[in-house]
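Work through the exercises below with the sequence and the model side by side. Try each task before you read its solution.

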Amino acid sequence: MPEVNSRVTRLLHLSTMMIAITSSQLHIFHIPQKELMGSLDLEEGGDVTAILHPATWLNKVVLGRESGVVQIWNIRTGY
C-alpha cells in the first residue's frame with residue numbers, strides 16, 4: 001500500500017476505497033489494487049475534525065473543520 005508522508009488524522013472506509021485525511025490533503029486509496037487513486041489539497045479552514053459519507057450522495061464526503069466550516073467534496077472530480 002502506498003504511504004502518506006504526513007500524519008493521518010482521520011480515516012473513512014468507503015466500499016473499495018479508503019479516505020485518509022492529513023493536515024492539508026485528502027488522499028483516496030483503492031484497497032483491492034493497493035494504490036493511491038489521488039489526493040486533493042484541502043483549503044484553509046483548520047484541521048478536519050470529522051468526515052462522513054452520506055449514504056445517498058455518490059462520490060461525496062462531508063468534512064467538518066476545526067473553525068466550524070463544513071465542506072462537501074466530490075472525491076471523483078476534486079471539487
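**Exercise 1: A hairpin near the end of the numbering**

Task: Find the hairpin of strand 6 and strand 7, and say which turn residue has a positive phi.

Solution. Strand 6 and strand 7 are linked as a hairpin, with four residues between them. In the turn, Gly68 has a positive phi of about 100°. Next, place the strands: strand 6 covers residues 60-65 and strand 7 covers residues 70-74. They run antiparallel and are joined by five bridges. Two strands count as paired if DSSP finds at least two bridges between them. Last, pick one pair: Val62 stands opposite Ile72 in strand 7.

Before going on, note the ground rules. This is a predicted model, in which local features need pLDDT of at least 70 and side-chain atom pairs count only at pLDDT 80 or more, while totals for chains, interfaces and linings use all residues. Residues are numbered from 1 along each chain as its sequence is written, and side-chain values use heavy atoms, with hydrogens and water left out.

**Exercise 2: The whole chain**

Task: How many helices and strands does the protein chain have?

Solution. Count the elements: zero helices and seven strands. Helices (H or I, at least four residues) and strands (E, at least two) are DSSP runs, numbered from the N terminus. The order from the N terminus is therefore written β-β-β-β-β-β-β. Now check the radius of gyration: at 12 Å, it is close to the 12 Å that the globule rule gives for 79 residues, so the protein chain is as compact as a globular protein of that length. The radius is taken over C-alpha atoms, and the rule is 2.2 Å times the number of residues to the power 0.38. Along its principal axes, the C-alpha trace spans about 35 × 30 × 20 Å.

Then turn to burial. Of the 79 residues, 35% are buried. Buried means under 20% relative accessible area, exposed over 50%, and partly exposed in between (1.4 Å probe, protein chains only). Finish with contacts (heavy atoms within 4.5 Å). Among those between residues at least 6 apart in sequence, 27% join residues at least 24 apart.

**Exercise 3: Two turns with a positive phi**

Task: What phi do Ser15 and Lys34 take?

Solution. Start with the background: most residues other than glycine have a negative phi. Ser15 has a positive phi near 55° and is not a glycine. Ser15 lies in the loop between strand 1 (10-14) and strand 2 (17-21). These strands form a hairpin with two residues between them. They run antiparallel, with five bridges. One pair here is Leu11 with its bridge partner Ala20 in strand 2. Ser15 counts as exposed because its relative accessibility is 60%. Its C-alpha atom is separated by 20 Å from that of Glu3, twelve residues apart along the chain.

Now take Lys34. Its phi is positive too, about 55°, and Lys34 is not a glycine. Lys34 lies in the loop between strand 3 and strand 4. That hairpin has four residues between its strands. Strand 4 (residues 35-41) runs antiparallel to strand 3, and six bridges join them. His30 has Glu35 in strand 4 as its bridge partner. With 56% relative accessibility, Lys34 counts as exposed.

**Exercise 4: Two loop residues**

Task: Is Thr22 buried or exposed? Is Leu58 buried or exposed?

Solution. First, locate Thr22: the loop between strand 2 and strand 3 (25-30). Its relative accessibility is 2%, so Thr22 counts as buried. Then list its contacts, leaving aside neighbours within four places in sequence: Val4, Ser6, Arg7, Val8, Thr9, His27 and Leu42.

Next, locate Leu58: the loop between strand 5 (48-52) and strand 6. Its relative accessibility is 66%, so Leu58 counts as exposed. Finally, compare positions along the chain and in space. Leu58 and Asn74 are 16 residues apart along the chain, and their C-alpha atoms are separated by 8.2 Å.
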